[in-house]
Amino acid sequence: MSADLDSPVQIQMAVSLFRSPLGKEYRGNTRIEGVKMTGRRRVFVQTETGCVLGMELDRSDSAHMVKRRLQILLNAPMGESSLSFGDMVLNNDLSAIRNDSPLLLTRNLLHRSSSTPCLSPTGRDIQQKDQSGPVEILGSSSSFVRTKHLVDEVVNAIKSGVDPILVHGGLGGAYYFRNSRGENVAIVKPTDEEPFAPNNPKGFVGKALGQPGLKRSVRVGETGFREVAAYLLDHDHFANVPATALVKITHSIFNVNDGMSGHNSSKIQRKKKLFSKIASFQQFIQHDFDASDHGTSSFPVSAVHRIGILDIRIFNTDRHAGNLLVRKLNTDDGKRFSEVELIPIDHGLCLPESLEDPYFEWIHWPQASIPFSEDELEYIEKLDPYHDSEMLKNELPMIREACLRVLILCTVFLKEAAANGLCLAEIGEMMSREFRRGEEEPSELEALCMDARRLVVEKEAEITVLPPNVEAEEDGFQFQIDYDDSAFDSTPKLSYENLGFGFGRNPLSKLEEDDEESEEETEDNAHPTPGENSCVSKLAMKMLSLSDDSGVVSKLKSQILKAESSGYVAVNSSSGHRSANEPQAASASFVKFGDMNEVQWDLFLEIFQDLLYPAFAKRKSVAMAQRQRQRLGTSCQF
């Protein structure tokens with residue numbers, strides 16, 4: 001592998017709304033099932049190195065057509081490239097792509113050499129006129145009304161010569177955009193300047209967009225739409241998340257790294273060059289400090305509860321004191337304040353593709369141990385995880401199915417826990433992992449999910465391995481005998497424990513070792529059986545060694561393998577790379593949801609909910625015993 005494979009690719013310029021001369025050739029109809037529309041859509045194609053190219057599509061355009069246009073723009077062959085939209089790899093049909101959708105173009109690294117052209121627009125495109133505005137919101141939700149006003153302020157300021165300011169803190173690239181008076185009104189975070197992204201301005205580079213990022217369950221370049229998701233899920237501004245939207249934004253201040261060094265390009269060379277980026281655009285909130293700068297005991301109980309409720313729903317893996325802003329409301333004198341407002345920000349590491357260890361700064365605050373108020377319980381009761389999932393699909397169609405399943409699971413968990421009388425701290429503790437004997441163990445939530453997965457497999461086995469009809473021919477007639485097949489069936493029990501896939505509280509280190517081994521596979525074995533890493537496929541592979549006197553096991557093998565063939569594709573046979581459909585390898589996860597089909601997912605949720613009540617009862621009994629021990633330990637005063 002050549003030395004430049006993992007290095008960022010230099011971007012020479014940004015291109016917007018490229019109108020290919022091939023466009024007229026592929027013009028389609030302008031009506032879709034009776035709905036009047038122009039038939040044209042605008043999309044933004046982002047290369048794995050961060051280059052953003054705007055393009056207008058006709059209804060009849062295909063993925064192949066888009067690649068042909070990109071080949072002209074980038075002056076590079078597209079034969080070993082793939083175009084993806086969230087979980088979908090776009091082979092040809094683009095009917096699911098809506099206006100202003102961001103697409104990701106990735107290249108096959110295994111076939112790239114030092115002589116492979118960079119994915120950069122060629123000189124001929126310099127004369128292409130930028131037909132889009134400096135800031136454009138991707139999407140048209142009514143939730144973005146406040147953001148539209150901010151965008152107008154920023155655009156007017158840019159035209160007046162007011163430049164944004166680089167934010168020096170943090171690991172990723174972020175910029176304060178100002179209004180005409182020079183006041184900060186928005187903070188912009190380009191997706192290709194995230195930690196490890198190719199154009200990170202602070203030296204944290206080395207990965208392409210779409211690869212595992214700071215958290216393995218959150219891919220590089222995908223924190224931006226998570227920021228927007230947290231805002232959209234904050235119904236009625238309950239937790240006080242600032243207005244946020246995904247934008248295409250163009251300015252010369254943005255960072256573009258040199259192709260080989262990973263260092264910032266010369267400011268003199270790029271002074272007047274405009275660069276387009278896909279970025280999160282969030283309202284800047286004036287504040288006095290963050291939660292790490294002041295004692296937390298003075299924070300309002302309701303504010304802590306509301307932020308905690310949001311964090312649980314979105315499975316926030318990064319809620320620390322630094323991303324809780326504090327704003328004074330009333331001051332008694334110049335030194336003290338009586339009321340404060342909390343503003344939660346930085347939600348880019350929420351909604352992971354699989355469960356891992358969340359981080360809730362508030363979990364040990366005294367406010368988190370106070371029971372929910374009636375208003376809070378009413379809000380929780382009204383939450384509809386399935387409606388929220390559909391809403392995010394509509395507003396952020398690039399979001400992955402595994403992320404939506406995490407949202408549904410955590411919201412169901414929150415609703416049931418609150419209904420059973422658990423407080424915020426108890427819910428957070430059940431979701432958090434513990435270290436025992438130097439190893440990380442699954443949380444109570446993960447243990448419940450593992451039990452539910454085990455029961456799903458057992459139920460599927462019971463459904464598939466039906467007792468054969470007993471035919472009696474001695475008396476000249478046939479009849480069926482009702483019997484308990486567990487008492488007479490000699491077929492081996494198809495449970496995970498018997499097949500070597502026990503779901504006990506396994507050490508996390510074992511999973512990490514397994515994942516490292518899978519990542520060390522060479523190109524020679526880059527063509528495994530589809531879905532071989534999933535639980536059901538492991539079950540099928542294990543069954544190959546079982547005896548099959550009755551033929552029942554053979555039936556079950558074929559059923560399971562058939563089910564697997566309709567699931568996620570683990571490896572692209574042409575390149576040896578993971579496809580966009582595959583959930584990220586979960587080296588830090590005990591449970592994954594992306595490898596379940598719809599039937600399995602529905603069954604899993606049903607079983608999961610059945611397991612919750614005894615788990616909550618156990619948690620409450622343990623908490624009561626702890627309180628009794630505390631009272632006994634302090635009953636004698638000397």
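Q: Is C449 buried or exposed?
A: In this predicted model, the relative accessible area of C449 comes to 0%. Buried means under 20%, so C449 counts as buried.

Q: Which cysteine sulfur is nearest to that of C449, and how far away is it?
A: A disulfide needs two cysteine sulfur atoms within 2.5 Å. C449 is in no disulfide, and the count for the model comes to 0 disulfides. The nearest cysteine sulfur lies 8.1 Å away and belongs to C410.

Q: How are helices α4 and α7 oriented to each other: parallel, antiparallel, perpendicular or oblique?
A: Happily, the axes tell us. Those of α4 (residues 301-313) and α7 (residues 401-419) come within 7 Å and cross at roughly 135°. Angles over 145 degrees count as roughly antiparallel and 65 to 115 as roughly perpendicular, so α4 and α7 are oblique.

Q: How many nonpolar residues are in the contact of α4 with α7?
A: Helix α4 brings I309, I312 and R313, while α7 brings V406, L407, C410, T411 and L414. By class, 1 residue is charged, 1 is polar and the nonpolar ones number 6.

Q: Which helix gives the most to the largest nonpolar core?
A: That core has 67 residues, and L70, F281, L351 and L392 have the most contacts inside it. L70, for its part, touches V45, L53, M55, N75, M78 and L105, leaving aside residues up to four places away in sequence. With 7 residues, the helix that gives the most is α3 (residues 223-233).

Q: How many residues are in the second, separate core?
A: Among the members of this second core are L342, F360, V406 and A425. Its residues number 60.

Notes. Residues are numbered from 1 along each chain as its sequence is written. This is a predicted model: local features need pLDDT of at least 70, side-chain atom pairs count only at pLDDT 80 or more; totals for chains, interfaces and linings use all residues. Side-chain values use heavy atoms; hydrogens and water are left out. A nonpolar core is a set of buried Ala, Val, Leu, Ile, Met, Phe, Trp, Tyr and Cys residues joined through side-chain atoms within 4.5 Å. Buried means under 20% relative accessible area, exposed over 50%, partly exposed in between (1.4 Å probe, protein chains only). Helices (H or I, at least four residues) and strands (E, at least two) are DSSP runs, numbered from the N terminus. Contact means heavy atoms within 4.5 Å. Axes are lines fitted to C-alpha atoms, for helices over the stretch in contact, and angles run from 0 to 180 degrees between N-to-C directions. Angles under 35 degrees count as roughly parallel, over 145 as roughly antiparallel, 65 to 115 as roughly perpendicular and the rest as oblique. Ala, Val, Leu, Ile, Met, Phe, Trp, Tyr, Cys and Pro count as nonpolar, Asp, Glu, Lys and Arg as charged, and the others, Gly among them, as polar.
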